[in-house]
Amino acid sequence: MDLKSNEEKITRALLVSVDTGDFDAESSLAELFELVESAGAEPVFSVCQKLQRPETATYVGSGKLLEITEICKDQEIDLLVFDCELTPSQINNIEDATDVRVIDRTMLILDIFALRAKSKEGKVQVELAQLKYLLPRLTGKGIAMSRLGGGIGTRGPGETKLETDRRHIRRRMETLKNQLADLEKHRNQLRSRREKDGIITVAIVGYTNAGKSTLMNLLTDAGVLAQDKLFATLDPTSRALKLPEGNTVMLIDTVGLIRRLPHNLVEAFKSTLEEAAQSDVILNVCDASSDEAQVHMSVTKDLLYELGCGDTPVITVLNKCDLLSEELNVPEGNYVQISAKYNKGIDKLLKTIEENLPVKMKRGEFLIPFSMGGLSAEIRKNGNVFSEEYVNEGIKTDALVDIRTYEKIKEFKV
């Protein structure tokens, strides 16, 4: 019996790039290889053409399109993946010429996100991003709709809902936005509760596949999926982390970043990334063994700036140092070299986290005179009261309060 006949056929993909000089085409194409593998396809070949600007009708030149068509026939290519964002007419023209299904970079990333999303919020965000991408691509001929078959570039929670018109899609988008607003409201309530309880949050951010989930699992036994794939983790995970000096912080793992991340996806996942924006300390995890390490750190830094994290302490965590042939020349300040895989440098990382923790809340026992009853009301409003007892001298309160309130009541500390 031929076992291979029962196996699912692996999609063979040809990758296409046009180098206009606007970005590092070679590095972007290498990243596209990883994205295609993460989606479950096999990147067989790549083709790159230097042009001043892409061709309007087919993105690549006519000669290059003939070359692509021949490669598709000779190598039995199932899928063409373009390292750009194509228009519907370009997709249609290329498919007509090559007789091979075509997707672009954005469709590929959306597909991977659809594959990885597990939480309700993640699925809603993915579907909303898919609809935002597809809505302007709907034409009278239904080009975008006719392409919903199966396989890479067509997966996700929105695929059955897209066999409809613009009006229906807009209604669906409004529904999804309302669902996201409800989920965000719930998350804000949880965040407010954490703040009231004096819980300090530390967010792990960084380029995709930098080892964030491996670090999260090492520090907290979170059980987060950690694979050598782009976007292996999509949904944020929160776990308590006890530091050596006894402080407990909430460690949050966030979605990985990527250069040239489609705008729709940045918008859709901003609510998730806001977990980083609202945190007290940020760990910017970077793959130190990558030739693109500086670029990756820059991508993360730029997004953190966009999210308004300018005043938040950032610790740059240079991971995968076990793969380096020589030691890094690490700058002074908040830079730590580690290997999450082999548990190296973790003690220094934990110490650096402790050094950057804000003193936001203080706990104490206070005896507030009855004549200062307004202070007791302020403690209840802005703090977390563990016990309260009325005694002859006043109100005896054990509470966790913010620094501003603490300064007002410290003279009454028992």
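This passage describes the overall architecture, an internal cavity, the salt bridges and several individual residues of a predicted protein model.

In the predicted model, the protein is built from 14 helices and 13 strands. Of its 414 residues, 51% are buried, and the accessible surface amounts to about 20,900 Å², with carbon and sulfur atoms contributing 47% of that area. Among the contacts with a sequence separation of 6 or more, 68% are made by residues that stand 24 or more positions apart.

Three cavities of 30 Å³ or more were counted in the protein. The second largest of these encloses about 40 Å³ of space, and its lining is formed by V205, T254, V255, L257, L273, A276, T300, L303, L304 and L307. Two elements, helix 10 (270-277) and helix 11 (293-306), each give two or more residues to this lining, and helix 11 gives the most, with three residues. In terms of residue class, the lining of the second largest cavity comprises eight nonpolar and two polar residues, whereas charged residues are absent from it.

Side chains of opposite charge can pair when their charged atoms come close. Eleven salt bridges are present in the structure, and the pairs described here differ in their setting along the chain and in their exposure. Within helix 2 (residues 62-74), K64 and E67 are placed three residues apart, which corresponds to about one turn of the helix, and their side chains form a salt bridge with an N to O distance of 3.1 Å. K64 has a relative accessibility of 16% and therefore counts as buried, since the cut-off for that class is under 20%. E67, by contrast, counts as partly exposed because its relative accessibility is 36%.

A second salt bridge joins the side chains of K320 and D287, with 3.7 Å from N to O. This pair connects distant parts of the chain, as the two residues are 33 residues apart, with K320 in the loop between strand 9 (314-319) and strand 10 (335-337) and D287 in strand 8 (residues 281-287). K320 and D287 are both buried.

In a further salt bridge, between R380 and E388, the closest N and O atoms are 3.0 Å apart. R380 has a relative accessibility of 37% and so counts as partly exposed, and E388 is likewise partly exposed, its relative accessible area being 34%. Beyond these pairs, a network of salt bridges links E31, D83 and R105.

The loop between strand 9 and strand 10, which holds K320, also contains C321. With a relative accessible area of 18%, C321 falls under the 20% cut-off and is therefore buried. When residues up to four places away in sequence are left out, C321 touches A288, L328, Q337 and I338. The C-alpha atoms of C321 and G345 lie 9.5 Å apart in space, while the two residues are separated by 24 residues in sequence.

Two residues other than glycine were noted for their backbone conformation. E76, which is not a glycine, has a positive phi of about 55° and is located in the loop that runs between helix 2 and strand 3 (79-82). Its relative accessibility of 58% lies over the 50% cut-off, so E76 counts as exposed. D99 also has a positive phi, near 60°, in a residue other than glycine. The position of D99 is in the loop between helix 3 (88-98) and strand 4 (101-104), and D99 counts as exposed because its relative accessibility is 72%. Both of these positive phi values thus belong to loop residues, E76 following helix 2 and D99 following helix 3.

Technical notes:
Residues are numbered from 1 along each chain as its sequence is written. This is a predicted model: local features need pLDDT of at least 70, side-chain atom pairs count only at pLDDT 80 or more; totals for chains, interfaces and linings use all residues. Side-chain values use heavy atoms; hydrogens and water are left out. Helices (H or I, at least four residues) and strands (E, at least two) are DSSP runs, numbered from the N terminus. Buried means under 20% relative accessible area, exposed over 50%, partly exposed in between (1.4 Å probe, protein chains only). Contact means heavy atoms within 4.5 Å. Accessible areas come from the Shrake-Rupley method with a 1.4 Å probe; for residues, only the protein chains shown count as cover. On a 1 Å grid over the protein atoms alone, a cavity is a set of points where a 1.4 Å probe fits but cannot get out, and a pocket is an open set with protein on both sides within 12 Å along at least five of seven lines; lining residues have an atom within 4 Å of a point. Grid points are joined across faces, edges and corners, and a volume is the space filled by probe spheres set on the points. Ala, Val, Leu, Ile, Met, Phe, Trp, Tyr, Cys and Pro count as nonpolar, Asp, Glu, Lys and Arg as charged, and the others, Gly among them, as polar. A salt bridge is a side-chain nitrogen of Lys or Arg within 4 Å of a carboxyl oxygen of Asp or Glu.
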